[in-house]
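Morning, everyone. Please look at the model on the screen while I talk. I'll begin with a pocket.

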Amino acid sequence: MMRKSILLHPLAVRVAHWLNAFAIGCMLMSGWAIYNASPIFGFRFPAWATLGGWLGGAIAWHFAAMWLLVANGLFYLLYGVLSGHFRRHFLPLHARDVMADARQALRMQLPHRPGIYNAVQKLLYWAVIALGVLAVLSGLAIWKPVQLEILSNLFGGFDFARKVHFSAMAGIAAFVLVHLLLVVLVPKTLLPMVTGRGRSTEHAENTP
């Protein structure tokens with residue numbers, strides 16, 4: 001069957017993807033610098049993995065990246081719902097499909113079709129969206145624990161909110177790590193996220 005070039009990732013998805021990649025990278029590295037100033041666990045992050053140079057600089061980077069991440073995240077959520085992107089690509093999602101695809105992935109036998117998300121990928125994308133919301137809410141509770149006392153109390157107070165925020169960002173970091181590993185294993189997925197187009201016998205999405 002002849003393979004033809006099709007639109008796999010609309011411009012809105014590509015822009016949101018790369019803005020998220022930049023914002024999350026800045027937030028993780030600046031967040032690690034903030035964490036180092038007052039660790040809540042028995043370890044610190046190496047200086048080369050942090051951003052900001054000092055606590056004040058790290059906080060400035062963290063808040064700047066936060067607003068970018070929130071604005072871009074809201075744009076992506078609205079686009080995903082209104083355009084049908086979420087419905088077409090992330091649904092339906094069934095536990096049996098996740099288990100079956102996970103077993104295939106562990107055996108390195110999971111087929112890849114450009115523009116088509118398997119059940120494990122669908123679950124991971126929903127999970128990272130939930131973690132992003134959790135990170136923002138817990139971050140607000142840490143930022144304004146007095147003004148947003150109700151929100152802070154929902155997270156069990158300032159100290160526990162810090163642990164929730166750290167855990168949510170750790171989950172996002174794990175997602176990024178898995179995402180990068182998959183790109184290394186299937187490098188042909190990278191170029192379409194830049195150009196938007198790929199070669200496939202299946203039409204994945206052509207509606208911006």
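The second largest pocket has a volume of about 700 Å³. Keep in mind that this is a predicted model.

Who lines this pocket? Its lining counts 31 residues. Nearest the centre of the pocket are Gly31, Ile34, His62, Ile142 and His165. Find those five on your screen.

Now, which elements give two or more residues to the lining of the second largest pocket? They are helix 1, helix 2, helix 5 and helix 7. Helix 5 covers 119-143, and helix 7 covers 158-185. The most comes from helix 7, which gives eight residues to this lining.

What about the classes of the residues in this lining? The nonpolar class has 24 residues. Six residues are polar, and one is charged.

Let's see how these helices are arranged. Start with helix 1 and helix 7. Their axes come within 11 Å. They cross at roughly 135 degrees. That makes helix 1 oblique to helix 7, because an angle counts as roughly antiparallel only when it is over 145. The crossing of helix 1 past helix 7 is left-handed.

Next, helix 1 and helix 2. Here the axes come within 8 Å and cross at roughly 150 degrees. Is this pair roughly parallel or roughly antiparallel? The cut-off for roughly antiparallel is over 145. Helix 1 and helix 2 are therefore roughly antiparallel to each other. Helix 1 passes helix 2 in a crossing that is left-handed. The contact of helix 1 with helix 2 has 23 nonpolar residues and five polar ones. It has no charged residues.

What joins this pair? Helix 1 runs over 11-37 and helix 2 over 55-82, with a loop between them. Gly53 sits in that loop. Is Gly53 buried or exposed? Its relative accessible area is 82%. Exposed means over 50%, so Gly53 is exposed. Gly53 also has a partner to look at, Ala33. The two are 20 residues apart along the chain, and their C-alpha atoms are separated by 7.9 Å.

Move on to Gly56, which is in helix 2. Gly56 has a relative accessibility of 28%. That value is neither under 20% nor over 50%, so Gly56 counts as partly exposed. Which residue goes with Gly56 here? Take Ile34, which is 22 residues away along the chain. The C-alpha atoms of Gly56 and Ile34 are 8.7 Å apart. You have met Ile34 already, as one of the residues nearest the centre of the second largest pocket.

Now go to the start of the chain. Ile6 belongs to strand 1, residues 4-7. The relative accessibility of Ile6 is 5%. Buried means under 20%, so Ile6 counts as buried. Compare its position with that of Thr50. Ile6 and Thr50 are 44 residues apart along the chain, with 40 Å between their C-alpha atoms.

His9 comes in the loop between strand 1 and helix 1. Is His9 buried or exposed? With a relative accessible area of 10%, His9 is buried. Arg88 is 79 residues from His9 in sequence. In space, C-alpha to C-alpha, His9 and Arg88 are 12 Å apart.

One peptide bond deserves a stop. Where is it? Look at Leu91 and Pro92, which are joined by a cis peptide bond. Omega there is about -5 degrees. Pro92 lies in a loop, with helix 3 (85-90) on one side and helix 4 (95-106) on the other.

Finally, zoom out to the whole chain. How many helices and strands does the chain have? It has eight helices and two strands. In sequence order, the pattern is β-α-α-α-α-α-α-α-α-β. The C-alpha trace spans about 60 × 35 × 35 Å along its principal axes. The chain has 208 residues, and 36% of them count as buried. Ile6 and His9 are two that we saw counted as buried.

That's my tour. Over to you.

Notes:
Residues numbered from 1 in each chain as written. Predicted model: local features only at pLDDT ≥ 70, side-chain atom pairs only at ≥ 80, totals over all residues. Heavy atoms only, no water. Helix = DSSP H or I, 4+ residues; strand = E, 2+ residues; numbered from the N terminus. Buried < 20%, exposed > 50% of the residue type's maximum accessible area, 1.4 Å probe, protein only. 1 Å grid on protein atoms, 1.4 Å probe; cavity = no way out; pocket = protein on both sides within 12 Å on 5 of 7 lines; lining within 4 Å. Points joined across faces, edges and corners; volume = space filled by probe spheres on them. Nonpolar A, V, L, I, M, F, W, Y, C, P; charged D, E, K, R; others polar. Axes fitted to C-alpha atoms, helices over the stretch in contact; angles between N-to-C directions. Parallel < 35°, antiparallel > 145°, perpendicular 65-115°, else oblique. Left-handed = near helix turned anticlockwise from the far one by under 90°.
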